[in-house]
Amino acid sequence: MEFKGFMPNMVLSELEDAVGHENVSLNRSEKLAYGTDYFWVSRMWVDKGQEPPLPSFIVRPGSAEEVSKVLKIANYYKIPVQTWGGGSGSQGSALAMAGGITLDIKRMNRLIKLDEVSHTITAETGMVFQTLEWYANEKGYSIMHIPSCLTCGTIGGALAHNGIGIVSTKYGKIDDQCISLEAVLPNGDIIHSLPVPKHSGGPDIRQMFIGSEGTLGVITKATFKMVKLPECKRHHAFLFRDMTAGINACREISQTLKPSIMRLFDEAETVSIIKQVLGFEKKGSFMNLTLEGNAEIVAVEEKLVMQICQKYDAQYLGTEYGEKWYENRITFFYPGYIMNNPTMFGTMDTTATFDKIEEIYWAMKHAIEDNFEGVRFIAHCSHWYDWGTMIYDRFIMDNPPEDPEEAIRLHNQIWNAGVRAAMEHGGVINDHHGVGLKLSRLMKEQYGPAMQVLEGLKKSLDPNGIMNPYKLGL
């Protein structure tokens, strides 16, 4: 809705009344801070001197009750609302594509409860996840959600995109770690999921909001399970002759035991990223693996891993490179190591069952490298289940078009080709970065007639369509 005359000031006064004068801003310099996240298109757009999408109002609520007040105002005036956590997302999900209100929730950063009987911890979702992990660590526990954005992403961001961390093979994704949550609906009602995640009391409301990317409401509080910090942690590294042998070995390992970390790099990433960060010079498919927990159990697991890797003719590289990978687990994302502008790049992470995963890898590689000149494809598998794994694959183009509109067109064509190749061969649209604006157009292709389930839920909860428009295909 476009306001005329002094109407914006009338809305402003209502927002200030809801959260306090000091917690609402119309300052252009502040708005610019919310004009881009880690989505390549948004960063390229700004780098080219273009005007980014900006909110009309920046609102910083301090509680679920204040979020409720803001959403009631927005719903009445039909003002778009997008929630902002740490701004570390790569899919453009938090960008104000329709203007309106950017709801920055970082004031909501209180620890609510740490329960050492049930091994649970509860906090508001504006807290940076590293802070929550530190609270658990002080008592000898971990939440075991350790993503690369641990120090800059919020609890809410992790839940909104159903994120994942490096120890997921043993401990699962954020939806496995979340016990319950509180959310504010678009009409301002504050709701709670059931207090436990496993029940037969109807569909799991918690799961309707995890991964919903702010399109159905605002998650304001969450409870997570904690585990005791491991007694023992052992890092190893192996080299396989190729990706095929590595996938088969990792499949057998993940169906036999649960390492906390297992990352298998294709030949292209082994001779580029692994070489650059770890100084590893050999060709093949590099794999690092971490086992942790009770020392006696870890010793048995090490023997099993060695037997399986020997079966697939892996070269054991010892503990040095495994430890070096763990020490540099965030270095991979530092400037100078991660791709950055002006290079065009994207991570097309997908997931599939084991019978399809290598087929998907080759289909995506050919779809990108055979059809786009000057674009290369590298990948690794980093999150493993007993039924399958994911491919964390990247396309990289060192010399993209200078014209920003032409660059967007090519960027989207590459994404279309890669993601469609994954879906056609049994993969899903995304594993853990989310959909956002970047992949919104492909949601209907992914779900087909089933998309009406999500659309029906959206229409029922958000009939005015104010929550994060143009994201998640909704």
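These are my notebook entries on the sheets, one helix, two spaces and two residues that I looked up in this predicted model.

**Entry 1: the five-stranded sheet**

I started with the strand order. The sheet is open, has 5 strands and runs β5-β6-β10-β8-β9, with antiparallel pairing. Why do β5 and β9 each have one side without a neighbour in the sheet? β5 (111-115) and β9 (190-192) stand at the edges and have a single partner strand each, so one side of each is left open in the sheet. I also looked up how neighbouring strands are turned against each other: the average is 10 degrees, with direction ignored.

**Entry 2: β10 and its partners**

Next I went to β10, residues 218-225, which pairs with β6 (residues 120-124) in the antiparallel sense over 5 bridges. I picked out two residue pairs to find this pairing by eye. Ala-123 stands opposite Ala-222 of β10, and Thr-120 has Lys-225 in β10 as its bridge partner.

Then I turned to β8, which pairs with β10 over 6 bridges, again in the antiparallel sense. Here I noted Ser-180, whose bridge partner in β10 is Thr-223. How many residues of β10 are buried? I found 6 of its 8 residues buried, so to speak a mostly covered strand.

**Entry 3: helix α4 and Glu-66**

I wanted to know what lies across this sheet. Helix α4 (residues 64-77) lies across β8 (178-184), β9 and β10, and runs at about 40 degrees to β8.

In helix α4 I stopped at Glu-66. Is Glu-66 buried or exposed? Its relative accessibility is 18%, and because buried means under 20%, Glu-66 counts as buried. I listed its contacts too, leaving out residues up to four places away in sequence: Glu-66 touches Ala-18, Val-19, Pro-61 and Arg-107.

**Entry 4: β14, covered on both faces**

I moved on to β14 (285-293). This strand is mostly covered, with 9 of its 9 residues buried. A reminder to myself: side chains in a regular strand alternate between the two faces of the sheet. I therefore sorted the residues of β14 by side, and both faces are covered:

- One side has Ser-285, Met-287, Leu-289, Leu-291 and Gly-293, all buried.
- The other side has Phe-286, Asn-288, Thr-290 and Glu-292, all buried as well.

I looked up two strands that pair with β14. β12 and β14 are antiparallel and pair over 9 bridges; Cys-232 has Gly-293 in β14 as its bridge partner. β13 runs antiparallel to β14 and is joined to it by 4 bridges, and there Leu-264 has Met-287 in β14 as its bridge partner.

**Entry 5: helix α13**

Which residues of helix α13 are buried? In this helix, residues 320-327, I found Tyr-321, Gly-322, Trp-325 and Tyr-326. They lie on the same side of α13, because they cover an arc of only 140 degrees around the axis. The face turned away from that buried side carries Glu-320 and Glu-327, both exposed.

I then asked what covers the buried residues of α13. The cover includes β12 (232-240), β13 (261-265), α11 (267-278), β14 and β15 (315-318).

**Entry 6: the cavity**

I searched for enclosed space and counted 1 cavity of 30 Å³ or more. About 80 Å³ of space lies in the largest cavity. Its lining is made of Arg-263, Phe-265, Glu-269, Ile-273, Trp-325, Phe-332, Phe-333, Tyr-337, His-380 and Arg-394. β13 and α11 are the elements that give two or more residues to this lining. I was pleased to meet Trp-325 again, listed in the lining here and among the buried residues of α13.

**Entry 7: the second largest pocket and Met-443**

The second largest pocket has a volume of about 600 Å³. I counted 29 lining residues, and those nearest its centre are Ile-210, Gly-211, Met-443, Tyr-447 and Leu-472. At least two lining residues come from each of α9 (205-209), α16 (443-447) and α17 (451-461).

I followed up Met-443, which lies in helix α16. Its relative accessibility is 3%, so Met-443 counts as buried. Setting aside neighbours within four places in sequence, I found Met-443 in contact with Ile-429, Val-435, Met-451, Leu-454, Leu-472 and Gly-473.

Last, I took one distance: the C-alpha atoms of Met-443 and Arg-107 are separated by 33 Å, and the two residues are 336 residues apart along the chain. Arg-107 is also one of the residues that Glu-66 touches.

Terms used:
Residues numbered from 1 in each chain as written. Predicted model: local features only at pLDDT ≥ 70, side-chain atom pairs only at ≥ 80, totals over all residues. Heavy atoms only, no water. Pairing = 2+ DSSP bridges. Axes fitted to C-alpha atoms, helices over the stretch in contact; angles between N-to-C directions. Contact = heavy atoms within 4.5 Å. Buried < 20%, exposed > 50% of the residue type's maximum accessible area, 1.4 Å probe, protein only. Arc of directions from axis to C-beta. 1 Å grid on protein atoms, 1.4 Å probe; cavity = no way out; pocket = protein on both sides within 12 Å on 5 of 7 lines; lining within 4 Å. Points joined across faces, edges and corners; volume = space filled by probe spheres on them.
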